[in-house]
Each structure stands twice: as C-alpha cells, then as structure tokens.
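How does one learn to read a protein structure? The dialogue below takes up one feature at a time.

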Amino acid sequence: SNFTYIFLISIPMEVSVLALHVILENKEGLFDGLPYLIYVSREKRPQYNHNYKAGAMNVLTRVSGLMSNAPFMLNVDCDMIVNNPKIVLHALSILMDSQKGKEVAFVQCFQQFIDGIKDDPFGNQLVIEYEYIIRGMAGLQGPLYAGTNTFHRRNTIYGLYPHEIETVIKGKSEENILIQQFGSSKEFIKSATHVVGGSGYSANDITPSNFIEAATQVANCEYECGTFWGNQLGWLYGSISEDVPTGLNIHRKGWRSECCTPDPIAFTGCAPGGLLSTMIQQKRWASGLTVVFFGKHSPLMAMLFDKIQFRTGLSYFWSTNWGLCAAFLVCYVALIAYCMIANTSIFPQGLGLWIAISLFVFYNIHTLLEHLTIGLSITNWWNNQRMCVMRTTTAWFIGFLSAMLKLSGISDTVFEITEKEHTTSGADGNNADAGRFTFDESPVFVVGTTILLVHLAGMVIKLLGLQPSDSGNGSGIGEFICSTYLIVCYFPYLKGLFGRGKYGIPLTTICMSSVFALVF
C-alpha cells in the first residue's frame, strides 16, 4: 500500500467521456489478493484545454489519491517496460532513508532502450546525456525529472516544501482555501488533508459506488478551473515539455532528487525508430523547453529568487536553451554561407585562426573520449556529432520558432505524438533498412535541404572563382573548413537528393528549398 502506480496511455480522441474500470483491493486480508487496478480515460471537451500529458498525470494523481492515497507514486510511460523486479525496493531505500530520505522529492531512473539500432544512427538513445549530464546533476541538487521512470513523493506533487507539515488547514475555517487549492471534491480534499498533514490515510471507508462518483468528479474536464492544479500543484501547465518545469518547480522549493541505477537496469523502452519520428520528438522538446526558458518557470528566476543552487541552475540552462542555441547556430550557418558567396571573412587571420581550429579539434577529441570511456564506438560518436548539427539547425530551430509564436500570442503549440515502433533489427542491426534515413514533406526537411543547397552553392562559387573581388579580407580556410564540415554532417541529405522512394527527398521539398536558397 506504499505505492500508487501511474501508467500513462495516450488515446487520440477529440471528445472522450470518463471511463473507470476498477478492481478494488482485497478486503478479506488475503496476501495473494489483487491490489487496486484502474484504467482511466479522462473526459475531454473541445472548449476545455486538456493540457496534454500534464493534464493526464494530474487526473491520475487525483484518482489515485481517492483509491489508495499512497505516499509514493511510480510514473511510467506506456512505451517503457519494467526490467528489474526489485526496482521498487531500490527506490524505497532512497525515499525512506532515515537520514536524508525526507529531503528527496523523486527518484529518477535512466531511460535505456531495448530496440536501439546499433551505433545510434539517429542520435536518439540519450546514452551520453544520461551518463554525463543527468549523472553529473546527481552530485548537485539531483537529476532533473525526465518524465518517466520516476518515483515521486506524493506531498511534493501537492506543493509542499521539505519537512513542511500543513497543520493549519485542518480547521473548517480553511475550507475555502482547500477548495481553491485542490478542487471541490470533499473526498479528495479529505485524502489531500491527510497527505499535507503528514498522517497516513486509508481509502477503505470509501464504498465502490462512492469511489466511482468521486473519481468521475475529479477527472471531469471542469474540475481544475479556479484551482492550483497545473500552476502550483501537480504537473505544471504552459509547456508541452511538462517534465522539466515540474521538476524545476520541485527543486526551487529546496527538494533534492536522486538517481537510481541498479543492475540490471530498472526500465527499458522503445526509442524512435526513424529520422522523422526523431525530428518530431526533438522539435516538440525544443519548443516546450524554449517556452520554459523564457517563461515564468525560467531557471534564471529560480536561481535569483528561490532555492536553486548556482550550478544546478546552469544545468537547467543547458536543458532549456535548446531552441536559443538553434537560433544562434542557424545564424552562424547562414553567415558562413554568406561569406563564401560574398567573399568576406568572419575568422581572424594568422595565429587567431589556428586558435579557433585548435578549440574545434580539442572539443571533438573531448567528446570522442566521452564516448570511448563508456564503451561506445567511434561510429556512434560520429553519428551523434552529425545528428547534433542536423537536429539543432532543423528540428530545434523550428521548435524555437513555434515557441516564439506561442510566447507572442500569435499561435499555440501543436502537440505531435512521437511514434515509437519496434524495429525488427534490434541492437545487432541485421535489418538492411535499420538506420537508413527516410524523408517526407515535413518542414523539418525543407530547412535542412535549404541549408545544404546554400552551402553547396557557396562551395561551387568559391571553387569556380565566381566570388566578387575582395579588399584583403576575403573568405579563407576557416570558412571553407566550416562549410565542408557542415556538408559532411548533412551527407544523408545529400544522398537523399538523389535517392528514390522514401529514401529520397520529395520533389516538392527540393523545389521549396531551392526557392529559399535562391532568395538567400
């Protein structure tokens, strides 16, 4: 009874009615009886914002509060699989530690994939990110919340600070405050009062009929209106990357988090199996994180006015400025092409140029050693390097533009679900099609093809000597190296220009990109 398990299943539907299928807890005291098991399909109506995954998680939290009100919750996405049957014991040993357990808000397990293609051709298996970034954050205030494979302490989800016991809300005079915080359900307020008051609670006094009625009420699409849900309680709204602002909101209150990396690994799952699904996922993340970076949950504000430590704040800067990095990198990419075409330079001459080249070489040696140290191959390193360039200048850049439109009030962000189909090759890469780049008419590929065509044109103009005469500051080896490196990174796109079927870039995409390149 210490745990509530929350499994999130995405069901695309415009309007849905709440459906509850319940197997109530064994009341006879038999140890082999079934625990609570529930399936929730929450109510959705077009006139109410259902807030995507964050809204679903808050509904599940309230329903579980009526069922068991367990002090801990396990959050697992529907594409993840429990691989270690003792992971609950591992997590409990952290959360219930007698010395520092009460300071831990959540325990984060790594995401690792059972169907990852050999050498990670699409750069989406997140091995380096977890091994160095997330594990490194564990030495500060703890890792960020990754959205799945996480054990939560319920009272942190309810907005409490470390060691805080809310005793003042037990009086009847505070009923209006409780309704404003948690909503109008008397049964849920009763369960929440026990959580924030620090006392245990059992839902055994709720009859099945009353439970269904109360659960239907808290899962209603109107229930959260005028409450703290999504703003100060539960999973936070306002970004389609709900995990980062939710975790940041927990850390800013002074809570810590911990990594849990048992052997065997705790959870495995499915990675995006193709280029398009990878780009959709990256675009969604970049858009949501950019909204966080410039929004009210910015890590800068948390560093200045809350309890986020300086280095933890820098770590959150890294995780939320993807879109901003993309904007600068696209500007640099365009500037390099302009220099090649207009015969001008942005790099210093002589020794200054070699300083820049040395920094570039040292950076690549450093990232190569990071990969080799944890047993990854050189091919894996190169795949991640080229995908870093491609996704930053395409998916992240479009995500940045989408976030800017949202922040300016012009357009809202569209939530696109990532397809995570099982590959038939597995990790050994026996399938000939595994890892091959496929294309369609997505705007992501228009941006990438435009960048490639512009740089190919710049190279041709330089090599054929079609540049205008310079006044002693023409483009040189620095611009040539940068443009060559970019074209090498975009080599899959170059092959796609001459490919056929799904392995070739569609003619409409090539035509649109050609027009944009010509305008440039």
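What follows is a conversation between a learner and a teacher about this structure.

Q: What kind of model is this, and how many helices and strands does the protein have?

A: The model is predicted. The protein contains 18 helices and ten strands.

Q: How should burial be read, and what share of the residues is buried?

A: A residue is called buried when its relative accessible area is under 20%. Of the 520 residues in the protein, 51% are buried.

Q: Which separations along the chain account for the contacts in the protein?

A: Consider the contacts with a separation of 6 or more; residues 24 or more positions apart account for 82% of them. Lys 44 offers a case of residues distant in sequence: its C-alpha atom is separated by 9.5 Å from that of Ala 219, and the two are 175 residues apart along the chain. Lys 44 is located in the loop between β3 (37–41) and α1. Because its relative accessibility is 14%, Lys 44 counts as buried.

Q: Which residues does UniProt list for "binding site", and why can they be said to gather at one spot?

A: The unreviewed UniProt entry lists Lys 53 and Asp 77 under that name. They span 25 residues in sequence, but their C-alpha atoms are no more than 10.1 Å apart, so they gather at one spot. Lys 53 belongs to helix α1 (residues 52–67), whereas Asp 77 belongs to strand β4 (residues 72–77). Lys 53 has a relative accessibility of 14% and therefore counts as buried. Asp 77, at 17%, also counts as buried.

Q: How is the burial of a helix described, taking α3 as the case, and what do its buried residues pack against?

A: The general idea concerns the turn of the helix. An α-helix has 3.6 residues a turn, so residues three or four places apart point the same way. In helix α3 (residues 127–137), the buried residues are Ile 128, Tyr 130, Ile 134 and Met 137. These buried residues pack against β6 (104–109), β9 (256–260), α11 (310–320) and α13 (351–373).

Q: How are two helices that pack together described, and at what angle do α9 and α11 meet?

A: One gives the angle and the distance between the axes. Helix α9 (residues 275–294) packs with α11 at an angle of about 135°, and their axes are 8 Å apart. The two helices are therefore oblique to each other. The contact has four nonpolar residues, three polar and no charged. From α9 come Leu 289, Thr 290, Val 292 and Phe 293, which meet Phe 317, Ser 319 and Thr 320 of α11.

Q: What are the surroundings of a single residue, such as Asn 380?

A: One may begin with its place and then list its contacts. Asn 380 is part of helix α14 (residues 378–407). With a relative accessibility of 8%, Asn 380 counts as buried. Its side chain makes a polar contact with the side chain of Asn 384, at 2.9 Å. Leaving aside residues up to four places away in sequence, Asn 380 touches Asp 119, Asp 120 and His 371.

Q: Which residues does the UniProt annotation "transmembrane region" cover, and what is the helix content of residues 351–369 and 389–407?

A: In the unreviewed UniProt entry, this annotation covers residues 317–339, 351–369, 389–407, 444–464 and 476–494. Residues 351–369 are 100% helix and 0% strand, with end C-alpha atoms 27 Å apart. Residues 389–407 are likewise 100% helix and 0% strand, and their end C-alpha atoms lie 26 Å apart.

Technical notes
Residues are numbered from 1 along each chain as its sequence is written. This is a predicted model: local features need pLDDT of at least 70, side-chain atom pairs count only at pLDDT 80 or more; totals for chains, interfaces and linings use all residues. Side-chain values use heavy atoms; hydrogens and water are left out. Buried means under 20% relative accessible area, exposed over 50%, partly exposed in between (1.4 Å probe, protein chains only). Helices (H or I, at least four residues) and strands (E, at least two) are DSSP runs, numbered from the N terminus. Contact means heavy atoms within 4.5 Å. UniProt positions are given in the numbering used here, feature names are shortened, and annotations may be inferred rather than shown by experiment. A polar contact is a pair of N or O atoms within 3.5 Å; within protein, one must be able to donate a hydrogen and the other to accept it, and residues adjacent in sequence count only if both atoms are side-chain atoms. Axes are lines fitted to C-alpha atoms, for helices over the stretch in contact, and angles run from 0 to 180 degrees between N-to-C directions. Angles under 35 degrees count as roughly parallel, over 145 as roughly antiparallel, 65 to 115 as roughly perpendicular and the rest as oblique. Ala, Val, Leu, Ile, Met, Phe, Trp, Tyr, Cys and Pro count as nonpolar, Asp, Glu, Lys and Arg as charged, and the others, Gly among them, as polar.
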